[in-house]
Amino acid sequence: MIIMPNNIVKVDAFINEYKPNGIERDIINKMELSKDRYEYDSLNQLQFELKLRKDIVIAAIRLNEDHMSFTIFRKSMCNLEYWDRTEEGGFKLKKGIIPSDAIKDISINSSKYGTECATAMIIIYYQALLNILGDKLFNELFPEIHLMNWHYIDSLLEDVGILEKHSDYLPGDRRYVYSPDVNPVTPEWQGENVIDLGKEIYFGHGIGIGNAEEIISELNKYRIKKAKETAYLLDSAARLDFINLANIYYKFISTSTNKN
């Protein structure tokens, strides 16, 4: 159910703002029917989450269409005009480079980039946030960016590094497909981080877009001989702190409006 504030929301009042088969309606319907309480202080907070979740899905689909290659950390690559490649295989924003320009370059010059699935997830979240926040606020919030995995993630995004069990899984969530019997020769295939695209379809960098069975089938190709366990989708998800980000965004909008 959707609570706002202290009352169950009648979604009929605003659901018609969204396309009948759109991502937002899918999310709203799941929230409304859920036994969980989705609590917001205002409709603005909910609308922000709906838009950001949609932008995450769009960013994932676009990354799938780009030419960024899948590779292990020690063979990762990036556009050195915008990023410094670390010894661990991550990408750190070059000094003097505008953060939004560097994030945009990943799509513009995608063939110059190669990394594994965790870094791809972080890139997707940054791309979606840039789209909704705009250059000015994005650059204020993320003056230093280190693309790699959950160990180097910005504090505003740290929740996407924590998988937790939920009653519902929604478009824009990060999920994980785990392969317990992975061949030690190919440890990069021990699991696949994926973005939930809705309707039980997922995107995983290096595998592409498909349902859970298709992603599992791909991971199973990299198991040890005589493997006993199949890969499987974990019953958990990681998601952004949408309310905190919404509050930051609307405070910025309000301040900018008052200055004008």
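This briefing describes the cores, sheets, packed helices and selected residues of the structure shown above. The model is a predicted one. Its largest nonpolar core has 62 residues, and a second, separate core has 10 residues. One open sheet is formed by 5 strands, and another open sheet is formed by 3 strands; the pairing is antiparallel in the 5-stranded sheet and antiparallel in the 3-stranded one.

**Nonpolar cores**

- Within the largest nonpolar core, which has 62 residues, those with the most contacts inside the core are Leu-52, Trp-83 and Leu-157.
- At least two residues of this core come from each of helix H1 (23-33), H2, strand E5 (91-93), helix H3 (99-108), helix H4 (117-133), helix H5 (135-141), strand E9 (191-198) and helix H7 (242-259), and the largest share, 12 residues, is supplied by H4.
- Trp-83, when residues up to four places away in sequence are not counted, touches Cys-78, Phe-91, Lys-92, Leu-93, Lys-94, Ala-102, Ile-103, Ile-106, Tyr-113, Ile-145 and Leu-147.
- The second core, which is separate and has 10 residues, includes Val-177, Val-182, Val-194 and Ile-215.

**The sheet of 5 strands**

- The strands of this open sheet follow the order E11-E10-E9-E8-E12, with antiparallel pairing.
- Strand E11 (208-211) and strand E12 (232-233) stand at the edges and have a single partner strand each, so that one side of each is left without a neighbour in the sheet.
- Strand E8 (residues 174-178) is joined to E9 by 5 bridges, the two strands running antiparallel; within this pairing, Val-177 stands opposite Glu-192 in E9, while Tyr-178 stands opposite Gly-191 in E9.
- E8 also pairs with E12 in the antiparallel sense, over 2 bridges, and here the bridge partner of Val-177 in E12 is Leu-233.
- Because 4 of the 5 residues of E8 are buried, this strand is largely enclosed by the rest of the structure.
- H2 lies across E9, strand E10 (201-204) and E11, and runs at about 125° to E9.
- Helix H6 (residues 212-219) lies across E8, E9, E10, E11 and E12, and runs at about 115° to E11.

**The sheet of 3 strands**

- This open sheet has the strand order E4-E5-E7, and its pairing is antiparallel.
- Strand E4 (83-85) and strand E7 (146-147) stand at its edges, and since each has a single partner strand, one side of each is left without a neighbour in the sheet.
- The pairing of E5 with E7 is in the antiparallel sense and extends over 2 bridges, with Lys-92 standing opposite His-146 in E7.
- H3 packs on the sheet and touches E4, E5 and E7, its direction making about 70° with that of E4.

**Glu-49 in helix H2**

- Glu-49 has its place in helix H2 (residues 43-65), and counts as buried at 6% relative accessibility, a value that falls under the 20% limit for a buried residue.
- The side chain of Glu-49 makes a polar contact with the side chain of Tyr-40, at 2.8 Å.
- Not counting residues up to four places away in sequence, Glu-49 touches Met-31, Tyr-40 and Phe-242.

**Ala-212 in helix H6**

- Ala-212 is found in helix H6 and counts as buried, with a relative accessibility of 14%.
- Ala-212 and Val-177 are 35 residues apart in sequence, and their C-alpha atoms are 8.1 Å apart in space.
- Leaving aside neighbours within four places in sequence, Ala-212 is in contact with Glu-200, Tyr-202 and Leu-233.

**Cysteines**

- The count of disulfides comes to 0.
- Cys-78 is in no disulfide, and the nearest cysteine sulfur, which belongs to Cys-117, is 18 Å away, whereas a disulfide would need the two sulfur atoms to be within 2.5 Å.
- Cys-78 is buried, with a relative accessible area of 9%.
- Cys-117 is likewise in no disulfide, its nearest cysteine sulfur being that of Cys-78 at 18 Å, and Cys-117 is buried with a relative accessible area of 6%.

Key. Residues numbered from 1 in each chain as written. Predicted model: local features only at pLDDT ≥ 70, side-chain atom pairs only at ≥ 80, totals over all residues. Heavy atoms only, no water. Buried < 20%, exposed > 50% of the residue type's maximum accessible area, 1.4 Å probe, protein only. Polar contact = N/O pair within 3.5 Å; in protein donor to acceptor, adjacent residues only side chain to side chain. Contact = heavy atoms within 4.5 Å. Core = buried A, V, L, I, M, F, W, Y, C linked by side-chain atoms within 4.5 Å. Pairing = 2+ DSSP bridges. Axes fitted to C-alpha atoms, helices over the stretch in contact; angles between N-to-C directions.
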